[in-house]
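Q: I am new to this structure. Could you take me through its features, step by step?

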Amino acid sequence: MSCIFCSIIKGEIPCNKIYEDDKVLAFHDISPEAPVHFLVIPKEHIQSVNNINEENSDIISHIFIVINKLVRELNISESGYRIINNCGEDGGQTVNHIHFHVLGARELKWPPG
Ligand code: 5GP
Ligand code: ZN
C-alpha cells in the first residue's frame, strides 16, 4: 500500500520540514491556503480519526502539544489560527494518513463554506 505521507516520513519524497521527533513530523503544505499552512502527521500510519482508539489516542495530545509550540515559533499564536482535520470523502480527505492542518497569518472566514 503506497501512502504519500509515509513516503515523506521515510525521506523518499522531500518536504519543507518544520519539526520532527520520534512520533510526529510537521511540514509546510505543498499547496498553502494561507501564509502559514503546515501539516502535522504521526509517523505511525493511521488512516483517519475514524481509526483513533484507546490504544493510539496519545498521539493526538502529542500533536496538539507540538502545534502549540509551532504556532508560537511561527508567530501566529496571538493573532489566531485554525486547526483542521478532514475525514473521509465528504470531509475532503485526500491523503489517507491522518493529519492536522494549521492555517494562519490571515483572517480565516467562518463558516468555511
Ligand atoms: P486533505 O485534503 O487530505 O485534508 O489534505 C492533504 C493535504 O496534503 C493538502 O492540503 C495537500 O496540499 C497536501 N499535500 C499533498 N501531497 C503533498 C506533498 O507531497 N507534500 C506536501 N508538503 N503536502 C502535500
Ligand atoms: Zn501513511
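A: Start with the cysteines. This is a predicted model. A disulfide is a covalent bond that joins the sulfur atoms of two cysteines. The sulfur of Cys 15 has its closest cysteine sulfur in Cys 6, 13 Å away, so the two are too far apart for a bond.

Q: How far is the sulfur of Cys 87 from the closest cysteine sulfur?
A: The distance is 15 Å, and the partner is Cys 3. That is too far for a bond, because a disulfide needs the sulfur atoms within 2.5 Å.

Q: How many disulfides does the structure hold?
A: Zero.

Q: Are Cys 15 and Cys 87 buried or exposed?
A: Neither word fits. Cys 15 has 31% relative accessibility, so it counts as partly exposed. Cys 87, at 25%, also counts as partly exposed.

Q: Which residues are the protein donors of the zinc ion (ligand 2)?
A: Two cysteines and two histidines: Cys 3 and Cys 6 bind through SG, His 45 and His 97 through ND1. These atoms lie 2.0 to 2.3 Å from the zinc ion. Along the chain, the donors follow the spacing C-x2-C-x38-H-x51-H. One pair links distant parts of the chain: Cys 6 and His 45 are 39 residues apart. Cys 6 sits in helix H1, and His 45 in the loop between strand S3 (36–42) and helix H2 (58–73).

Q: What is the geometry of the zinc ion (ligand 2) site?
A: First the ideal. Four tetrahedral donors would have angles of 109.5 degrees. Here the angles among the four donor atoms run from 103 to 118 degrees, and the site is tetrahedral.

Q: Are Cys 6 and His 45 buried or exposed?
A: Cys 6 counts as buried, because its relative accessibility is 17%. His 45 is at 29%, so it counts as partly exposed.

Q: Now the pockets. What is the volume of the largest pocket?
A: The idea comes first. A probe the size of a water molecule, rolled over the atoms, shows where empty space is left. The largest pocket has a volume of about 370 Å³. It has 18 lining residues, and the closest to its centre are Phe 5, Phe 27, Asp 29, Ile 30 and Leu 39.

Q: Which element gives the most to the lining of the largest pocket?
A: H1, with three residues. Strand S2 (24–28) supplies at least two, as does H1 (4–10). By class, the lining has ten nonpolar residues, seven polar and one charged.

Q: What lines the second largest pocket?
A: This pocket has a volume of about 190 Å³. Its lining includes Glu 33, His 37, Arg 82, His 101 and Pro 112. Strands S4 (81–84) and S5 (100–104) are the elements that give two or more residues. The lining has four nonpolar, two polar and four charged residues.

Q: Last, the backbone. Where is the cis peptide bond?
A: Most peptide bonds are trans, and most residues other than glycine have a negative phi. The cis bond joins Trp 110 and Pro 111, with omega about 0 degrees. Pro 111 is in the segment after S5.

Q: What is the phi of Asn 75, and what is that of Ala 105?
A: Asn 75 is not a glycine, yet its phi is positive, about 65 degrees. It lies in the loop between H2 and S4, and at 64% relative accessibility it counts as exposed. Ala 105 is not a glycine either, and its phi is a positive 70 degrees or about that. Ala 105 is in the segment after S5. At 42% relative accessibility, Ala 105 counts as partly exposed.

Terms used: Residues are numbered from 1 along each chain as its sequence is written. Chains are lettered from A and ligands numbered from 1 in the order in which they are written. This is a predicted model: local features need pLDDT of at least 70, side-chain atom pairs count only at pLDDT 80 or more; totals for chains, interfaces and linings use all residues. Side-chain values use heavy atoms; hydrogens and water are left out. On a 1 Å grid over the protein atoms alone, a cavity is a set of points where a 1.4 Å probe fits but cannot get out, and a pocket is an open set with protein on both sides within 12 Å along at least five of seven lines; lining residues have an atom within 4 Å of a point. Grid points are joined across faces, edges and corners, and a volume is the space filled by probe spheres set on the points. Helices (H or I, at least four residues) and strands (E, at least two) are DSSP runs, numbered from the N terminus. Ala, Val, Leu, Ile, Met, Phe, Trp, Tyr, Cys and Pro count as nonpolar, Asp, Glu, Lys and Arg as charged, and the others, Gly among them, as polar. Donors are N, O and S atoms within 2.8 Å of the metal (3.2 Å for Na, K and Ca); water is not among the atoms, so sites may look incomplete. Four donors count as tetrahedral if all angles lie between 85 and 135 degrees; four count as square planar and six as octahedral if opposite donors are over 155 degrees apart and all others between 65 and 115; anything else is irregular. Buried means under 20% relative accessible area, exposed over 50%, partly exposed in between (1.4 Å probe, protein chains only).
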